[in-house]
Structure formats: C-alpha cells, structure tokens
Amino acid sequence: MFWPNSRHRQLLTSPLLAVLALATTATIAWGAQEKPGAPAQPAAAAETKPADTKPTFVGSTTCQGCHEDIFNAFQKNPHQVVETDKKRGFENNSCESCHGAGSKHAESMTAADIVNPSKQKPAATDKICLTCHLNQPTHVGRINSSHAKNQVSCTSCHAIHKNGPHGLVARKPADVNKQCATCHSDIWASFQKPYRHRLPEGAMSCVDCHNPHGTILARQLQTVQANEPGCINCHGDKRGPFVFEHAPVKMEGCQSCHQPHGSSNPRMLTRSQVRFVCLECHANLPTPTAPLNGTIGTVPPALHDLRSPRFQECTTCHQKVHGSYVNRDFFK
Amino acid sequence: MRFLLPVFLTLCAFAQQPTEQAKPAAAKPEAQPATPAAATEAAAAAAPAKADDKSASPAPSAESWITGYVDVGYRWVTDVRGNFQQYRSVVNLGEGPKLFGFDFTLQDPKKRLYDTLTLRGIGWGGDPYSTAFLGARKMKAYDIRFDYRNIAYFNAVPTYANPLQPGGFNQRTFDTRRRDASFELDLFPGSRFIPYVAYDRNSGHGRGIETWVLGASDQFPLPYGLSDRTESYRGGVRIELNRFHATLEQGGTRFSQDDSTNYTGPNAGDRTTPINGQTINLGSLYQSLRIRGTSKYSRILLTGRPANWLNVYGQFLYSEPKNDIDYTEIATGRLYDFTSTNFFPGLYNIAEGNAIQPHVSGNAGVEIRWKRLRVLESLTTDRQHDSAFGLFVPQVYQQFLTAPSSTTAPKQVIKYNQIETNVFFDLTSKLTIRGGHRYYRGDVSVLAGNLSQVGPSVAGETNRQVGLAGLTYRPSLKLSFNADYEGASSDRIYVLTSLNEYHKARARAKWQATGSLLFQANFRILDNQNPAPDIRFDFRSRDASASVFWTPAAAKRFSFTGEYDRSSMSSDIRYLDLPFLTPATSSYRDIAHTATTAMDIALPGIKGAKLTAGGSLFISRGSRPTRYYQPLGRLALPLHKNLSWNTEWQYYGFGEQFYLFEGFRTHIFMTGLRLSR
C-alpha cells in the first residue's frame, strides 16, 4: 500500500540502500562502544596513579562510609545518573568515575591515594570531565575557547558535588554574573558605567552574549540562527540582509562602534560624540588603491560643513547606519 | 493589579499542606555566603580533603517539596533633580507596588510529572526590565525551558543629538520595549538520542523620532512608530555516543518590520525665514516601511574521541536570510529643491526590493595529547554573500512629471579564513607554557561610496600574522598566575581602525590567603598602531583591577567584597576636517576609576537580621568626564519563620563636567516583604 509501484520496492531493496544502512549501523555501533579503558581504566586513574598494585573499584557505597554527606547530596545531583546508568560504564561506581579506582585509598585512608580533580592541573581535570562530556554539543567550540587556552578548568565554574537542581553551575542571571565577575572583575567594572546592558539589574547575564565553552566567533560570542553573532538575538532588526549594507557591521562587528559592556558615551559608543566615531573611518583621507595598504570607507559621501552643529551628529540624517532597505546614504 | 495574581497564587501555594519533611538546612538563598563560586571552590581546594568534601556539598538530609521566596513591596522615587529624560535614559526605575522577584523550586518526591520545576523572575509591576523563567525536568523523559524578558529601551540624551544645544530637541529619541521569549524542549535527556525543538521570539515596538531628509538641505524631525519581530523555529537531534557526538539541526526564521509615520501639522524643521521670498514647510507626511523576511538555517556539530590521545571537533553552519521590502512615502507642503532652486508642492516615492544573504561558516580542529605536550589546531572559514535588488520610483508633484525610475543591485561579499595552532607544554608540574600562531586572511567587496572614483564596488583585504604565547603558573593550590600575549603584524587591513600592528596582553593572579580571604588582580593592555603617514592611528587601552573577597567564619557574621578598577583609553587618528579638508587629529581620552563594594553584616541579637551596604562609583576624566554614583543600603529583618521585612535605599547621582544640563540625582526607597520557604 505504501509502495504502490515496483520501482519504489526496488529502491527499498537496492544494494546501495543496504550498504548505507549497514554503514550507518556500523558507525553508530562503533560510536556507542565503550570508551577505551572504561570502566576498568578511567582517565583519572590513568592520569596520576601508576601505583605498584593497580587499584580496583570498590563502589560508591564504600565511599559512603566516610563521605556520607557527599553521598547523600549526590543522590539529588545530575551526576547521579552515572551511578545508575549502565551505558556509561560506571554503574555503582560513580565516585570512582572521576576519582579513579579507590581500593588503595579505602585501605590507606590518605588523600594521596585518590585522585582529587580540583587539585590537579587544569588540563588533567578537564580530561576527566571530557571523558563523558566531550561528546556533547556544548563542547564543539572548545578548541577556540580562550578558557581552554588559558587553562581555566571545568571545575573553576562547575561545582561537581553540589546538591540540587541548580547544583552544578549558576543558572540565575545574577548568580552567573557574580561567578564570571570573580575572574573578570575588569569587565564587571564596565557595567558600572551609565550606559550599559542591564546586567547589574539581573535582567541579563554574561552567557546571554558569551558561551564560556567557546564558539566559532571571537571573544566566545554566542552564535544564534546558526552563525549570527549573539547580539542579533535581541537586536533582530539589525540583522538584515539590507539592500544597502553598512560594511563594518558585518566585517568588524558591533564593537567597531559600540562598547558592549558599558560606556560613558551615549548609546555605548566608542567615542564621546557621534561624528568622531564616523570620522575614524570616513576620514576624508586619500584612498590608497586597495589592496596596497588600502582601507575602505575613507571618502565621505558628501561635503558637510562640520563646523555647523546641524552636521555634527551624523546619525540625525544618516539614521540607518546599521544598514538601510531603501536609501544608499542610510537616510531611511 | 498585574502583580497581585502571582502573589495570590504564591500565597495559595504556601497555604497547601506539604508532605512531611524537615526544613532544609541551606535552602534560603539569602543565607548563602557572598563568596563567589570560584572563591568557594578555591577555599574548598585549599582545605583538607574532608573539609573540601563538606564545603562542596551543602546538602540537606531532607527536603521540602517547595523552596524559594517571593519579594513584594513598594518603591518610592523621590523627585528626580536635574534632567528627568536623562534619568529615564540611564535608570528608568518607577514608583509603585512591585513584585521585585520570585524564585521557586518544586521537587516532586514521587517524580510523577517532573523531578524538578523551577520558576523565577524579577521586576514585575511596571519595571523597565521584567524577566520570567520556567523550567521543568524529568530525568530521561524531558527537559523544558521557557525564558521571557521584557526590557524597556528609552533614550533621550540631549547631547547625543546636539552637544552644543543643551535644551535642544533630540532628534534621535525613542521609547521602546524589546521582548524576548524562548522555549526549548529536549526529549529523553541523558539518553543517546535526544530530539529537541525550540521556538524563539524577539520583538520590539514603541515610538521614536526620526528625521525626514529632503535632499542634502532640509530635515524635518517626525514622530514614528516602529515594530519588528523575529520568530525562530528549530528542531534537531543530538546523538551522544561514547566515541563521538553529532548534532543535526534545521531551523528557520520569520522576520517582519513595520515602521510608519503619519504626520500633519507644523514641524520644527519648517523654515519660517523666507528664502527667495517664500517659506518652507512640510504640510504632511505619510511614510510606510514594510519588511517581510524568511530564513532557513542548518547546523551540524561534531565532536569525537577516536583515540585516548585525540579529540576532534567540527561544525558546519549555514543560514540564508531573505528580506522583501515595500516602501511608500508621500509628502506635501511647500518644499524646496536647492539643486534646481525650485519650490514644489510635494513628492512621493515608492521603492521595492529584496535582499538575500547566504552565510556559510565552518570550523574544524583537533586536540592532541602526548605526555606533557598538548596541541590545539583549528581551521575556521566564513563566507557571507549579500546580494540585493532595489527599484525606486520617485515622483515630484511639480508639474506632475515622473522622474525616471532607477534600479540598483548592490552586492557585498565578506570572506575570511583563519588557522590557529597552540602548543602547550607542561614545563614542570606547576608551570605550563603555551606558544602558537594564528594566520588570518580576509577579503571583502563592498558597495563604494557615492563619490567613489573607483567604480561601483571597492575591495579590501586583511592579511594578519599573529604570534601567541601564554603561561599558567600554580605554585600552590592557593596561588595561581596566568598570562597570555598576542602580537600581530598586518600588511593589509579593512578600515583605518582595524587591528593592524598590535600587542595585546593579559595577566591574572589569584591568591587564596586564608580559607576566607581571596585576593585577585587583573591587568590587560591593547596597543594598536597604524603608522602610515596619512593615518597615524595610535590606540592604547589599559585596564588594571584588584579585588578582595573576605568571608570570615563562612560569612555567618560578616562578609566583604571590594573591587577597584582603573582603565584608560587613548586614541589619536588623523582626518581631514570639512569643509576645507583641514588636517586635524581626532583624539579621545578616557581615564576611569570604578569601585564596587558589598558588605553584609549580621545584626547581633536578632537572628537572621542582616545589614548590607555597598554600591558602586564611577569617575572618569578625559573626553567626557563623568561621575556616576550608586550607593546602596539594605536591611533585612526576620518577622517570622518564613517572613522577613526588607528595606532598601539607593542613591543615583549622575553628572558630566562638560554637559552639566544632563546631570540628575535621586533617592529610591523600597520596602517590602519576603516570603520564603
């Protein structure tokens, strides 16, 4: 009934489709294989403890004996799934999934015999976390992240044992901002300026614009609608495409004219008066022929008398500086 | 009345009998120490293993089915002294009854419909920023997130329009609101195949003032209404396997924008002084700009670990937004054409057009680990091709002759490729060094200016070699230091102020002096030069900050957070001043001092009573000397087990040395009740 003619049946049973199905199944099966070494040799264990006798897993209930508070907290923790989920390879051994096999520590009761990720080198800590979390979309931009390059480990922001639904990392905008400001106090200072995005009020958070795990864009800017900068998420009317684009908006980004964190200049501009923002590119200087040290946009569209106040605020007439649908001079 | 409904619902919720359980030990958000998370982490790390564990797990042994709070009260704004429009542009807080905030977490012990449900928000009751969040999650079943924000955007800064006319009419004023709503649903979170759908809506509407420009001579400020909306739909599946992950997503957007003006009457732009014996006036104007757009986009994300020593990353992003434009403009009055020196009774313009912008981005990279060596290698490419078509039909009422129609088909192409390598080496167990290189190559072709002598389009290039270096030094768990450096040389750049010959460095140090005392210092500098004789662009910005977090006895009695930042920016660039092309230098200077502090004191004798003092100050000198003070005082007194009385005072003082007429100051008082559970 669903395959009314023989051609469709033929397609369904064609060798090509069979090969494709086989390849897909094989790929998924390969991808779903247990990680090398897991659970018998988790990353953490291999990282630090080449002991004389290889420690073995003792199970989370053994850990509970001394660390009952953590064990109890862990029951409500998102990581608790590691304890119960067979496919992750650490069933009943969730503590040791990060801390490594604990038999030696259980015997000696000394901290030296167990892996403590928060005391390791950042790269080693990250490797433990990425054992499970690499294969998630969150980390696809990690390789471009300045956090990764500057050795900011996962545990700098994520509290692994913490209890509760919001336990692993701050979620409320005000809490997120507080956490980021702990290291980026210089950036937080910018938000004390009069013209700013509404972060101190708690209406926005740093992660609205930045992805701390890294993205394809510079400054870890969030991407929206596939590959647009995060600014477009709220300022959708600035996206275009316009009939007449203002090239720097797409070439150099919003920050070529705006200070996105905060400014003492109205509209968060980079200069105190509008005309000085514009004149930095439209400087009337002779244009060298590109590409020989050439820059674009130096010649102005008209000869205004800049001594006159009516011409000093360029955007009074050139209103659509982000791009215009109907006017080449951005009048409308 | 709007805030009463949530209050009522909340009270009803409190009135319900909860299942038997003890009160959580650490449920109240206000009882949390002010120590930032990282400081807590560092303190935890510095402590012995047992203490570490305890500090990291403030778990109650039994939990209430609902925890959270709601803050309701009233806000008074004293008479705003100074410029009220400026106050609205910067602060914009209003008076009246408010729902200041709420934050509830519901946990179903039997996990029937949900494991956890979160509801929170701030600023309801006419505040300039209102937010709400609803999240519900059931392990292995679903994860729903709904986020809503409504942010007022008022701007009527006199100096923005005309710095020389303090009482002048601001032709660039607007009073708008932007609303963002996003909804996401993940199915079967934590499983290997996670389908998801999402919907985002971003809209803006309000009123403003725009200028109607006639030729290059006359301008008429006009009120106009603006409205735009972007709706975004997406869905996909995340495949999270042990060896690799793939996210396949397909989405689309719908965009609409409607700006309109319908104006009749005298206008501030009318010329009452006769010219050639006659005055100029705009009698009426009807203007309508209607944009309709669609877009489709695709995302493919990949990560994988083919071997223990190798991680691979890749993403492919594609979008293709299109817009259709419909524009109508009808003006009547006594208008003047300076070119032909003729008066005419009106005109109308019709324009239609469309624009499309295919945008392809890709990124691929690998991370290789080999003993003490780690290599990050990434390649990024990005291509944007704008192409548009416009048809313009102008008609002047003078003698009712139609001017010739014109068409245009502007194009813009922006491409870049970047390849970056970073090599990390663990020199010792405490010191890691990094070195690397980035090559950036970009090509653009954009529409040339009206007076361009080089044709309809102009090309530009960027060719940049960047050297990278960095180090991370952690001599102990209590002390860490990080620095990174970029030095670049470009032989071609896009615009005069592009990064050219630049040096950029950052350094951070963190010292956990004791378990309750943390110091941190940051420094960064950017020095960018374009020494070409005509340009002589010289830009330098520096920023140094220091902060201290002191939380003795786990902040039970007292905690203090203080930050100080000094930033400076200087920029000089040459330009030719119009109308006589006089050589001039545009100089910008900004030296700013910023301090923020927060001090919490538990009042003796009253359990749970807390006094908070702090706020921020910003003082700058240079091109726009500005002072902005926001001191704050808050008192929280417990009235009952679940009820406390909060009172807050905040002062806002804003002043500018060059534009005294823009200053304002006001005191804002708030008092209210917090019901917590």
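This is a tour of a predicted two-chain model, with selections to make in the viewer and notes on what each one shows.

Residues are numbered from 1 along each chain as its sequence is written, with chains lettered from A and ligands numbered from 1 in the order in which they are written. Because the model is predicted, local features need pLDDT of at least 70 and side-chain atom pairs count only at pLDDT 80 or more, whereas totals for chains, interfaces and linings use all residues.

**Confidence**

Colour the complex by pLDDT, the predictor's confidence in each residue, from 0 to 100. Chain B has a mean pLDDT of 86, with 87% of its residues at 70 or more, but select residues 1–61 of chain B and pLDDT stays under 50 throughout, although the model has 122 contacts beyond four places in sequence for that stretch; here two residues are in contact if their C-beta atoms, placed from the backbone, lie within 7 Å. For the complex, the predictor gives an ipTM of 0.87 and a pTM of 0.87.

**The side of chain A that touches chain B**

Next select the interface, where 120 residues of chain A are in contact with 164 residues of chain B. Several helices of chain A each supply at least two residues of this side, including helix 2 (15–31), helix 11 (173–183) and helix 16 (274–279); helices (H or I, at least four residues) and strands (E, at least two) are DSSP runs, numbered from the N terminus. The residues of this side of chain A divide into 52 nonpolar, 41 polar and 27 charged, where Ala, Val, Leu, Ile, Met, Phe, Trp, Tyr, Cys and Pro count as nonpolar, Asp, Glu, Lys and Arg as charged, and the others, Gly among them, as polar.

**Two nonpolar cores**

A nonpolar core is a set of buried Ala, Val, Leu, Ile, Met, Phe, Trp, Tyr and Cys residues joined through C-beta atoms within 7 Å. A residue is buried if 20 or more other C-beta atoms lie within 10 Å of its own, exposed if 12 or fewer, and partly exposed in between, with C-beta atoms placed from the backbone. The largest core has 44 residues, and those with the most contacts inside it are A:Val243, A:Ala283, A:Tyr325, B:Ile325 and B:Leu496. Helix 16 of chain A gives the most to this core, with five residues. Centre on A:Ala283 and, leaving aside neighbours within four places in sequence, its contacts are A:Thr298, B:Leu496, B:Ile573, B:Arg574, B:Tyr575 and B:Leu576. Apart from the largest core lies another, of 22 residues, among them A:Val176, A:Cys180, A:Leu199 and B:Leu317.

**Helix 11 and a cis peptide bond in chain A**

Now select helix 11 of chain A, which is mostly covered, with nine of its eleven residues buried; A:Val176 and A:Cys180 are among these. Moving along the chain, A:Gly240 and A:Pro241 are joined by a cis peptide bond with omega about 5°, and A:Pro241 lies in the loop between helix 14 and helix 15.

**Loops of chain B**

Finish on chain B, whose secondary structure comes to five helices and 31 strands, and of whose 677 residues 35% count as buried. In the loop between strand 7 (174–187) and strand 8 (193–214) select B:Phe188, where phi is near 55°, a positive value in a residue other than glycine; B:Phe188 is partly exposed, with 16 other C-beta atoms within 10 Å. Then go to B:Arg536, in the loop between strand 24 (517–530) and strand 25 (537–550), where phi is near 50° and again positive in a residue other than glycine, and which counts as partly exposed with 14 C-beta neighbours inside 10 Å.
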